[in-house]
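Subject: Structure handover

Hello,

Here is the structure I said I would pass on. My notes on what was found in it follow below.

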Amino acid sequence: MSSPSATEPGWAPTGRTVAAVCAVGILVVGQLYVVLPVLNKLAADWDTSKSAATWTTTAFGLAYGVGFLVTGPLSDRWGRRPVIVGGLLATVVSSLLVAAAPGLVSGLAARILQGLTASFFAPAAFAYLSERIAPERRVFALTCLTSSFLGAGVVAQVLAQLIGNALGWHAIFVAGAIVFVLSAVLLRVVLQAPAGSGDTNETAAKDDSTHEGSGVRGALAPYVFLLRQSRLALLYLSCLAILGSFVGIYTGIQLAPPAGIGSGNTALLALRASAIPAMVAVPLLAGRLGSIAPATRLVTALAAAAVAVAVTTIPWGGVWVAVWLFVFVTAVAVAAPAAVQAIAVSAGAARGTATALYTFALFVGASAGPQLANLAARVGYSAVALSMAAAAAVGAALARAASRARVPVSIGVVETVRE
C-alpha cells in the first residue's frame, strides 16, 4: 500500500495555507457578530427597537448553521476549493443586499441569505485542512481554524464598531463585500487543487459513491444514526452552550452594559478588545492542551466559562469585568476544539457528517444566545451574565454525562447506516 505522499502532489504548505484560511475564517464567521455594536444604529435607521434588531444575529446564525448540513456534502461532491471560492463570491452579493436593506423585514431576509452563502466556507475549510495539511501539523491547523472562528467574535465586533462609528452601519457590509472578493482571489491562489480531474479527489469520489442514488432518506440517515447515539447526542447538546453563552454575553453587554462600563463607544470597544489576546494564546497552547483528553477539556472549559462569566456580575469596575471576560473567552476558545475532537473520537467513519452536526449545533446556540440575552437584559446585566453562566454550567453537565455514556459506533458506521 502506497503512502499518501506517493499518490498526492505533496502536502499543502502549512504556514501560508493556515494563515490564509484562518484570516478568511475570521471574515466569514465575523458576519454573525458585526451587527452587535451597531444595534442602536440599525434600530434607528429601520425605525424599530433594539430587541427586534437582535433578530439580525439570530437570522444569520440559524441560516448559517442549517446551511452546514447541505454545504458539507456539496464540498464532497464538487471539491473543497470550488465550494469555498464560490461561497465567498456568493457572499459578496448577499452582503451588499444587507447593506441595501431599507427595513427590518428586508434586512432579516438578506441576513438569512448571507448566512446561507457564508455556510459554504467552514465545512469545506475543515475538510481541506484535514486532507491537505501534513498529519504532524494537522492538530495545530485545526485548532487555529477553530480559534479563528471564535476570534471572529471579538475582532469583528471591534472592526464593526470602528467602521460603524466612522461611516455608518451600511459601510460595514460594503467593506465586507469588498474583502470577500479579495478573499476569493486569495484562496483561489493559495488552496491547491488535488491530483486528478478538476477539484475532485479520491475521497470525494468515495463519498459520492456512498451517497449516490440514496435520495433524501439516504442523505439524512447518517445524521439520524449519529443522533441516536447517547454520547453524541449529549455532546451536541453541550455544544449549544459554547457559542450560545459567547454571543449571548456580548449581546447583553451591548443591550445592558455592566456596572462601571457605561454605554460609551470607547469603553465598549476596550471591553471587546480585551479578549483578543485569548484568541492568540489558545492556539499557542494547543500542544499542551492536546495531552488532556478532549472530554475532560470540554467539561473543565465549560465549567470555567460558567464561573468566569458569573463573577463579572460583582460590581468592582470595568477592569474587573474585562479580566473575567478574558478568562471566559479563553475557556470558550478551549471548549470549541475540545468538543469537535470529542465528537470525532465517538463518530467512527462518519466524522464528516459528525463535524457538520457539530458546526450546526454551535450556530444554533449562537442564534439562541442573543434572544436569551435580550430577555434577560430587561432586568439588567447581572441577569444576562447569570443566564449565560447557567447555560455554560448546563453544557458542562451534559458533556460530563456524555463522557460516561457508551456509544456502540463501529468503523463501518456509514455502511451500517446505508443498510
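A residue counts as exposed when its relative accessible area is over 50%, as buried when it is under 20%, and as partly exposed in between. By that cut-off Glu136 is exposed, because its relative accessibility is 62%. Please keep in mind throughout that this is a predicted model.

Overall picture

The chain has 419 residues, and 53% of them count as buried. Its secondary structure consists of 21 helices and zero strands. Taking contacts between residues at least 6 apart in sequence, 83% join residues that are at least 24 apart. The area exposed by the chain is about 16900 Å², with 68% of it supplied by carbon and sulfur atoms.

Salt bridges

How many salt bridges does a search of the whole structure find? The search finds two. As background, side chains of opposite charge can pair when their charged atoms come close.

One of the two joins Arg80 to Glu131, with the closest N and O atoms 2.5 Å apart. This pair links distant parts of the chain, since Arg80 belongs to helix 6 (residues 80–100) and Glu131 to helix 8 (residues 121–132), with the two positions 51 residues apart in sequence. Arg80 has a relative accessibility of 7%, so this residue counts as buried. Glu131 has a relative accessible area of 21% and is therefore partly exposed.

The other salt bridge is formed by Arg137 and Glu136, where the closest N and O atoms are 3.7 Å apart. Arg137 is partly exposed, because its relative accessibility is 41%. Its partner Glu136 is the exposed residue mentioned at the start, at 62%.

Two helices with a change of direction

Helix 9 covers residues 135–167, which is 33 residues. From its first C-alpha to its last, helix 9 reaches 45 Å, close to the 48 Å expected at 1.5 Å a residue. Where is the kink in helix 9 centred? The kink is centred on Gly151 and amounts to about 40°. After helix 9 comes Gly168, which has a positive phi near 100°.

Helix 13 covers residues 230–255. Its 26 residues should span 38 Å at 1.5 Å a residue, and the 37 Å between its end C-alpha atoms agrees with that. Helix 13 bends by about 30° at Gly244. Helix 13 is also mostly covered, with 20 of its 26 residues buried.

A nonpolar patch on the surface

Leu96, Val174, Ile178, Val179 and Leu182 make a nonpolar surface patch of about 420 Å². Which helix gives the most to the nonpolar patch? Helix 10 (residues 169–190) does, with four residues. An α-helix has 3.6 residues a turn, so residues three or four places apart point the same way. Leu182 is found in helix 10, and its relative accessible area of 55% is over 50%, so Leu182 counts as exposed.

Two single residues

Asp47 lies in the loop between helix 3 (39–45) and helix 4 (50–53). Its relative accessible area is 72%, so Asp47 is exposed. The phi of Asp47 is near 55°, a positive value in a residue other than glycine. Asp47 and Gly103 are 56 residues apart in sequence, while their C-alpha atoms are 7.7 Å apart in space.

Thr57 is placed in helix 5 (residues 55–78). Is Thr57 buried or exposed? Thr57 is buried, because its relative accessible area is 0%. Leaving aside neighbours within four places in sequence, Thr57 is in contact with Leu32, Val35, Leu36, Arg111, Val247 and Pro370. For Val35, which is 22 residues from Thr57 along the chain, the separation between C-alpha atoms is 6.9 Å.

Regards

How values were computed. Residues numbered from 1 in each chain as written. Predicted model: local features only at pLDDT ≥ 70, side-chain atom pairs only at ≥ 80, totals over all residues. Heavy atoms only, no water. Patch = residues over 30% accessible without salt bridge, like charges linked within 9 Å, V, L, I, M, F, W, Y side chains within 5 Å. Areas by Shrake-Rupley, 256 points an atom, 1.4 Å probe, with all protein chains shown as cover. Salt bridge = Lys/Arg side-chain N within 4 Å of Asp/Glu carboxyl O. Buried < 20%, exposed > 50% of the residue type's maximum accessible area, 1.4 Å probe, protein only. Contact = heavy atoms within 4.5 Å. Expected span 1.5 Å × (residues − 1). Bend = angle between axes of the 7 residues up to and from the residue.
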